[in-house]
Amino acid sequence: MDSLERSLNWLTDMDWGWWPFLRLRPAKHEPLTTARVALMSLSFGMFYGIAVGVIMAGRGRLPWTNVPVIPFTLAAFFFVGYRFTFAVAWNARAERLAKSKATA
């Protein structure tokens with residue numbers, strides 16, 4: 001589990017993965033709360049969902065009337081996926097860092 005946690009945190013520590021919402025990333029000692037993950041999900045889901053929907057519709061792979069569904073679907077998938085993987089690893093590290101700060 002340590003290896004998986006380190007790998008997930010290594011990915012979340014990279015700035016490029018947060019583009020264009022780097023400001024949403026908390027400090028390493030702060031937890032990723034459910035509210036923060038929801039905000040991230042809406043931000044990333046809307047941004048990338050609109051782009052994917054427009055590209056798919058523009059190429060004729062999706063009716064234009066379905067484009068508004070894509071951002072909300074991506075946001076929901078992002079929330080579930082991120083909340084139960086990356087956020088768990090992030091919060092484990094944040095808890096350790098907060099404890100080490102308290103004892104220092």
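1. Let's start with a salt bridge. Asp13 pairs with Lys28, and the closest N and O atoms of the two are 3.8 Å apart. Asp13 sits in the loop between helix 1 (2–12) and helix 2 (34–58), and Lys28 is in the loop between helix 1 and helix 2 as well, so the pair ties together parts that are 15 residues apart in sequence. The cut-off is worth knowing here: the pair counts because a salt bridge needs the nitrogen within 4 Å of the carboxyl oxygen. Keep in mind as you read on that this is a predicted model.

2. Asp13 has a second partner. Its side chain also meets that of Arg93 in a salt bridge, at 2.7 Å from N to O. What does this pair tie together? Asp13 is in the loop between helix 1 and helix 2, while Arg93 belongs to helix 4 (residues 86–103), so the bridge joins parts that are 80 residues apart in sequence. Put the two bridges side by side and you get a network of salt bridges linking Asp13, Lys28 and Arg93.

3. Now look at how well covered these three residues are. Is Arg93 buried or exposed? Arg93 is buried, because its relative accessible area is 11% and the limit for buried is under 20%. Asp13 is partly exposed, with a relative accessible area of 25%. Lys28 is partly exposed too, at 43%.

4. Another salt bridge sits inside a helix. The side chains of Lys99 and Glu95 come together at 3.4 Å, N to O. Both residues lie in helix 4, four residues apart, which is about one turn of the helix. The spacing makes sense: an α-helix has 3.6 residues a turn, so residues three or four places apart point the same way. Lys99 counts as exposed, at 53% relative accessibility, and Glu95 is partly exposed, at 47%. By the salt-bridge rule, the count for the model comes to five.

5. Next, helix 1 and its two sides. Which residues of helix 1 are buried? They are Glu5, Leu8, Asn9 and Thr12. Seen down the axis of helix 1, these buried residues fall within an arc of 95°, so they line one face of the helix. Turn to the face pointing away from that buried side and you'll find the exposed residues Arg6 and Trp10. As for what covers the buried residues of helix 1, helix 3 and helix 4 are included.

6. How do helix 1 and helix 4 pack? Their axes are 9 Å apart, and the angle is about 95°. Helix 1 and helix 4 are therefore roughly perpendicular to each other. From helix 1, the contact uses Glu5, Leu8, Asn9, Leu11 and Thr12; from helix 4, it uses Phe86, Ala89, Trp90, Ala92, Arg93 and Arg96. Sorted by class, this contact of helix 1 with helix 4 has six nonpolar, two polar and three charged residues.

7. Glu5 deserves a point of its own. This residue lies in helix 1, and at 14% relative accessibility Glu5 counts as buried. Which residues does Glu5 touch, leaving aside its neighbours within four places in sequence? Its contacts are Ala89, Ala92, Arg93 and Arg96. Notice that Arg93 is the residue bridged to Asp13.

8. Helix 3 (residues 69–83) also meets helix 4: their axes come within 5 Å and cross at roughly 40°. Helix 3 and helix 4 are therefore oblique to each other. On the helix 3 side you have Gly81, Tyr82 and Arg83, and these meet Phe86, Ala87, Val88 and Asn91 in helix 4. The residues of this contact divide into four nonpolar, two polar and one charged.

9. Don't skip the loops. A cis peptide bond joins Trp19 and Pro20, with omega about 0°. It's worth a look, given that most peptide bonds are trans. Pro20 lies in the loop between helix 1 and helix 2. In the loop between helix 2 and helix 3 you'll find Asn66, which is partly exposed, with a relative accessible area of 33%. How far apart are the C-alpha atoms of Asn66 and Met14? They are separated by 33 Å, and the two residues are 52 residues apart along the chain.

Key
Residues numbered from 1 in each chain as written. Predicted model: local features only at pLDDT ≥ 70, side-chain atom pairs only at ≥ 80, totals over all residues. Heavy atoms only, no water. Buried < 20%, exposed > 50% of the residue type's maximum accessible area, 1.4 Å probe, protein only. Axes fitted to C-alpha atoms, helices over the stretch in contact; angles between N-to-C directions. Parallel < 35°, antiparallel > 145°, perpendicular 65-115°, else oblique. Contact = heavy atoms within 4.5 Å. Nonpolar A, V, L, I, M, F, W, Y, C, P; charged D, E, K, R; others polar. Arc of directions from axis to C-beta.
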